[in-house]
Amino acid sequence: MSFILDIITRVMNLFGDAVFAALSFFSPAVALVTLSAVIGWLMLLIWGWTSNQTAIKEVRNQIAAHLLSTRLFKDNLAVTFRAQRMILWYAMKLMGHSLKPMIIMAVPFVLVMSQIGLRYEFRPFQPGEPIPVTVTLKPLNEQPGSGKSTSAPSIDDKNEPMKNALVAIGSQLKMPGDVTRDRFDPCRAIPERTSDWRLSASAIGEHPLEFGQDDDIVQMPLYVGESLERISSLRGGHWFDRILYSAEASIPPDSAFESIRIVYPSRDTPIFGYKIHWLVTLFVLSIVFALVIKPFTKVHI
Amino acid sequence: MIKFSRKGNFVSRIVLIAAALLLCSTSVASAYIGPGAGFALASSLFVVFWTFLLAVIAILTWPIRWVVRAVRGRAAFSRSKIRRMVILGLDGLEHTLADRFMAEGKMPNLQKLRDRGSFQLLGTTTPPLSPVAWSSFLTGSNPGKHNIFDFLNANRRNYTPFLSSVDIQAPTKNFKLGKYLIPLNKPSIRLMRKGKPFWNTLGEHGIFTSVIRVPITWPPEKCRGVVLSAMCVPDLRGTQGLFSFYSTRQDDGAEKTGGEQVRVKREGNFIRSELIGPDNSMKPGAGAMKIPFSIEIVRRDEAVLKLDGESYPLRAYEYTPWITVKFKAAPGVTVNGITRFMLVSTEPEFELYVMPINLDPEKPAMPISHPAAYSTYLSKRYGPFATLGLAEDTWVLNEGLVEDGAFLDQCLSIDAEREKQFFDSLENTKRGLCVCVFDGTDRIQHMFWRYLERDHPAHPANLDPAYTPNRFETTIEDLYVRMDQLVGETMDRIDDDNTMLMVISDHGFNSFRRGIDLNAWLIEQGYMVLKPGAKLGFKYLSEVDWSKTRAFALGLAGIFLNVKGREAQGVVEPGTAAQTLKDEIIAKLTGLKDPKSNQPGIRRVFDKEKCYQGPFRDSAPDLVVGYHRGYRVDWDTAIGKVTSDVFHDNVKAWSGDHCIDPELIPGVLFCSHKIESDSPRLMDLGPTALNLFGVDVPKNMDGVPLKIAVA
């Protein structure tokens, strides 16, 4: 699974890098609008290929006809109510016809959106800005060298080894000289298996952070600056997180680390002066572009 | 397009549902599939939202609407004796045949209607032609008041025929933009039929009407209700129906009436040609707009048509569904039409028939309904339908280019379209007037009458010694049985005491065995003179010496005098001289004998002064010829051609007709209620409807309300 995910994410990263390299001449806002147009067009194409166009056309015709009937036979209230009943029925049918293309579209679009999300969801830190970092260790019974427990441990039995693990592995952090931590020891939460740091960086750039010791070392870059970087705020985690935060490779399976999270601030990409979340912008603009392009195609939506 | 096989359907559904659940299992994923999902569901959700909004508005405004409707409805129907009136027109239904088939028990529904209510002959118009008769029906007046005397009338300035019901003029204001001419106003489409349809009078009194395909309703007039126009709606090329016939066969050079033959070349299994559309009025000098298409012959009598990026399978003698064709007039400007293709043969010669390109009812290039959205509604609700006035292409059969079955299939499918529209109007008009005319009855009788009479010159046995009786022998009987079933279904749908049903025809039908060339007779009698050296075969009377001609025939029923001061080169003095000439021609023509049978071919000749009253009488032909049974004006006379003989055998498929003495060819009137009046006339039906709905009959109507027993 991990191997397949790595291949998928690598291919997607290459694709994302190529696309954003081409868009690097534009401002982030213009790049987002351009992407929305391309995605709108792609959505229309995929919709046309995957949906039952004949059925959709027929259903839409029926909806339009019943809407018109409310205007043409407005003297007859029974016609109006019957038309509304039929419109609802056909709207449900339209939704039913939408299901298959929607699901088929969802798969590639999650991958594409994750690539866009890597650039637009977060911004790099500013120099001096507090940088929260959280390391999560695997449960003890999943850590390398440990046997699977056969009976439920007591609270004390459970807490002590995890505390040791957090001190021994989870609290080891090496940073370049431009990055400092606000105190030496991290804040540990044993039940959650986490160690938390507050860091700050004094210089712009990509700063490699190194967690763990001996053979169990996991790296994660820290981005400081202004540019549109491919930022993963998470390394490791659930399989779906791997797709969403694909900038980083998987954590090796024999590592004690489950995940490392750097909590980057959200990025605002102003569109026409308004601060709108990139997903909203993309959502609205891609639909608008698709609707604008539609009359020039033979696709029924 | 991804398509799942039936076997894989279950598995694929499981996979899709699982994928949907997985993708929706996290909130971030839900957000990330947002645009895809949004795109997929946006339209349907919008529809749901819009419907809810409409429903809320309808519910909130319902009390107000109820009050308004109650008040207006009460006023509108306060004197009404009925709640609804349904008039089902079966163009050309012949009473003798109806009688016969009812007696044989083949028309049980009309029989039931007759037994419960009434069945009478219905007086028609002079001449008994559909445009004239239906105009009298809808205006309740004689032709002198509605100005329709024939399909064609004569232009008195140049002696050419013109369509009598409508006048179309190109836009008068244009803006030149490069090579394009952008029209700034709409073309003028003027209805030449005068008088007000009786449903407009009903509408003025708050009574809703649904009028479907009643002839001479184009361009559609505003009314309280819906109107779908019929006869005289042109095709996309502006004609009354021009088919195209593509063939590898060497053209015989003969002119094809109502169509054009295009010679194509077969290259291997491919044939490439162009669909010919209307002239491009936006690009002067560019000629007709065309759409290329190709045909790939797959095997004998099977091919694939490729047109505008789409493929359509073709099988011999099977029509394609209606195909929308878009002619590009200018960047971003297209003219839409619909047509159907039919492969005639692939061996030994390739032959393809393309029906006249009808206006697309969904987006008509010219208005064909009132409100304009009504044709769009019908098209979206029931699919594309024939919009051409004379929708059934009789010419292609008359020219012998397709077999009887192809024409019959066309008529049946057009009737099926009409049936849906008619039943839709019954469903949507529970109070008021519904009128619908089926013209398949007229067209089928025109084209298949020859099978009824073994001695008809056009009976296939008289043209082909190898003929053996076939299914077409009973086509007319089948037609009457089918129409009876239509009546039965109509009765089932309106089975209530407050609805009155009338089944009517505008005229009857008879045999057309012999044509009479009136112009040849006028020449023979010295009333018409040709230019010196003129050779027969000319059209539109172009070789007539007008300085010596006193009378000429044009159209299906009329003879015009060449009157000084009225016609451009008139020679007959108006007044007494003209009247004397008319009397002379009437005397000579009445009882004109056919040398072949020694039977009279002409029964009566009508003087317009005696048979028409009203402000438009002067537009009428001076004389209207009432032919005997079996006779009609010759094909060539109608378009101003002259032949060498006065009488001709009619060997064309168009073998039945009704353009004879109106006394011989009345229509029918079946009614669900007892009619107490004697001798009802077509023009009485409008006043009758007004009277039944409690509306005063306008004084300018000639018709009188029939006395009908209404409980």
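**Exercise 1. Find which residue stands opposite Ser273(B) in S15(B), and place the pair in its sheet.**

Step 1. Ser273(B) stands opposite Phe293(B) in S15(B). This model is predicted: local features need pLDDT of at least 70, side-chain atom pairs count only at pLDDT 80 or more, and totals for chains, interfaces and linings use all residues. Residues are numbered from 1 along each chain as its sequence is written, chains are lettered from A and ligands numbered from 1 in the order in which they are written, and side-chain values use heavy atoms, with hydrogens and water left out.

Step 2. Look at the two strands (strands are DSSP runs of E, at least two residues; helices are runs of H or I, at least four; both are numbered from the N terminus). Strand S14 (residues 270-279) and strand S15 (residues 288-299) of chain B run antiparallel and are joined by eight bridges. Two strands pair if DSSP finds at least two bridges between them.

Step 3. Now widen the view. An open sheet of five strands has the order S13-S14-S15-S16-S17 in chain B, with antiparallel pairing. Its edges are strand S13 (266-267) and strand S17 (310-315) of chain B, each pairing on one side only.

**Exercise 2. Describe the sheet of chain B that holds S20 and S21.**

Step 1. Four strands of chain B form this open sheet in the order S12-S11-S21-S20, and the pairing is mixed. Strand S12 (259-263) and strand S20 (341-345) of chain B are the edge strands.

Step 2. S20(B) and strand S21 (residues 351-354) of chain B run antiparallel, with four bridges between them. Ser345(B) has Glu351(B) in S21(B) as its bridge partner.

**Exercise 3. Work out how Asp150(B) is placed, and whether it is buried or exposed.**

Step 1. Asp150(B) lies in the loop between helix H7 (143-146) and strand S3 (152-154) of chain B.

Step 2. Asp150(B) is buried (buried means under 20% relative accessible area, exposed over 50%, partly exposed in between, with a 1.4 Å probe and protein chains only).

Step 3. Asp150(B) has no salt bridge (a side-chain nitrogen of Lys or Arg within 4 Å of a carboxyl oxygen of Asp or Glu). The nearest side chain of opposite charge, Arg632(B), is 9.4 Å away; Lys and Arg count as positive, Asp and Glu as negative, while His and the chain ends are not counted.

Step 4. Beyond neighbours within four places in sequence, the contacts of Asp150(B) include Leu129(B), Ser164(B) and Leu554(B) (contact means heavy atoms within 4.5 Å).

**Exercise 4. Follow some salt bridges and note how exposed their residues are.**

Step 1. Side chains of opposite charge can pair when their charged atoms come close. Over all chains, the count comes to 50 salt bridges.

Step 2. In the salt bridge of Arg100(B) with Glu104(B), the closest N and O atoms are 3.7 Å apart. Arg100(B) is partly exposed at 39% relative accessible area, and Glu104(B) is partly exposed at 42%.

Step 3. Glu267(B) and Arg272(B) also form a salt bridge, 3.7 Å from N to O. Glu267(B) is partly exposed at 47%, whereas Arg272(B) is exposed at 52%.

Step 4. Asp545(B) forms a salt bridge with Lys548(B), with closest N and O atoms 3.8 Å apart. Asp545(B) is buried, at 14% relative accessibility.

Step 5. Finish with a network of salt bridges, which links Arg156(B), Arg566(B), Glu567(B), Lys608(B) and Asp622(B).
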